[in-house]
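Here is a short set of exercises to work through with the model open beside you. Try each task yourself before reading the solution.

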Amino acid sequence: MAEIADLMKRDDDPAFQLLPDLKNIEFKIESNAMHGWTLAFPVDAASESMRSFGRSGELRYRLDKVTRRYGSSASKDDAAAFVKRCAKK
């Protein structure tokens with residue numbers, strides 16, 4: 001939450017990328033009752049970033065110079081099945 005608050009206070013557009021391969025992704029800050037404040041961004045289903053999520057169950061991203069990992073509560077099998085379904089569309 002503190003990271004999103006810092007983003008909202010900034011007067012510039014920080015660089016955002018999904019690791020290992022998706023750079024300069026446009027994102028927006030959203031809020032909803034279920035998840036609170038979140039970053040929303042598109043992910044190409046055929047990207048290495050998405051395949052990496054399918055293998056590990058977590059997304060890795062870099063916001064400016066800070067690298068973070070965002071893990072899912074889903075199992076690795078569920079993450080792999082999700083990626084497979086997304087790739088079919």
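## Exercise 1: The hairpin

This is a predicted model, and strand β2 (residues 28–32) pairs with β3 in the antiparallel sense over five bridges.

**Task.** Find how many residues lie between β2 and β3 in their hairpin, and find the bridge partner of Ser31 in β3.

**Solution.**
1. Start with the connection: β2 and β3 form a hairpin with three residues between them.
2. Next, look across from Ser31, whose bridge partner in β3 is Trp37.

## Exercise 2: The three-stranded sheet

**Task.** Work out in which order the three strands of the open sheet lie, and why one side of β1 and of β5 is left without a neighbour.

**Solution.**
1. The order is β1-β4-β5, with antiparallel pairing.
2. β1 and β5 (66–71) are at the edges and each has a single partner strand, so one side of each lacks a neighbour in the sheet.
3. Ignoring direction, neighbouring strands here are turned by 30 degrees against each other on average.
4. Now take the pair β4 and β5: six bridges join these antiparallel strands. Within β5, Tyr70 stands opposite Leu59.
5. Finally, add the helix. α2 packs on the sheet and touches β1 and β4, and its direction makes about 135 degrees with that of β4.

## Exercise 3: The enclosed space

**Task.** Determine which residues line the largest cavity and which elements give two or more residues to that lining.

**Solution.**
1. The structure holds one cavity of 30 Å³ or more, and the volume of the largest cavity is about 40 Å³.
2. Its lining consists of Leu18, Leu19, Ser49, Ser52, Phe53, Glu58, Leu59 and Arg60.
3. β1 (16–19), α2 (48–56) and β4 (58–63) are the elements that contribute two or more residues.
4. Sorted by class, the lining has four nonpolar, two polar and two charged residues.

## Exercise 4: The open space

**Task.** Establish which residues lie nearest the centre of the largest pocket and how its lining divides by class.

**Solution.**
1. The largest pocket has a volume of about 640 Å³.
2. Of the 20 residues in its lining, Thr38, Leu39, Phe41, Leu59 and Tyr70 lie nearest the centre.
3. At least two lining residues come from each of α1 (2–9), β1, β3 (36–40), α2, β4 and β5.
4. The class count is 14 nonpolar, three polar and three charged residues.
5. To link this with the sheet, recall that Leu59 and Tyr70 stand opposite each other; both are among the residues nearest the pocket centre. Leu59 also belongs to the lining of the largest cavity.

Conventions:
Residues numbered from 1 in each chain as written. Predicted model: local features only at pLDDT ≥ 70, side-chain atom pairs only at ≥ 80, totals over all residues. Heavy atoms only, no water. 1 Å grid on protein atoms, 1.4 Å probe; cavity = no way out; pocket = protein on both sides within 12 Å on 5 of 7 lines; lining within 4 Å. Points joined across faces, edges and corners; volume = space filled by probe spheres on them. Helix = DSSP H or I, 4+ residues; strand = E, 2+ residues; numbered from the N terminus. Nonpolar A, V, L, I, M, F, W, Y, C, P; charged D, E, K, R; others polar. Pairing = 2+ DSSP bridges. Axes fitted to C-alpha atoms, helices over the stretch in contact; angles between N-to-C directions. Contact = heavy atoms within 4.5 Å.
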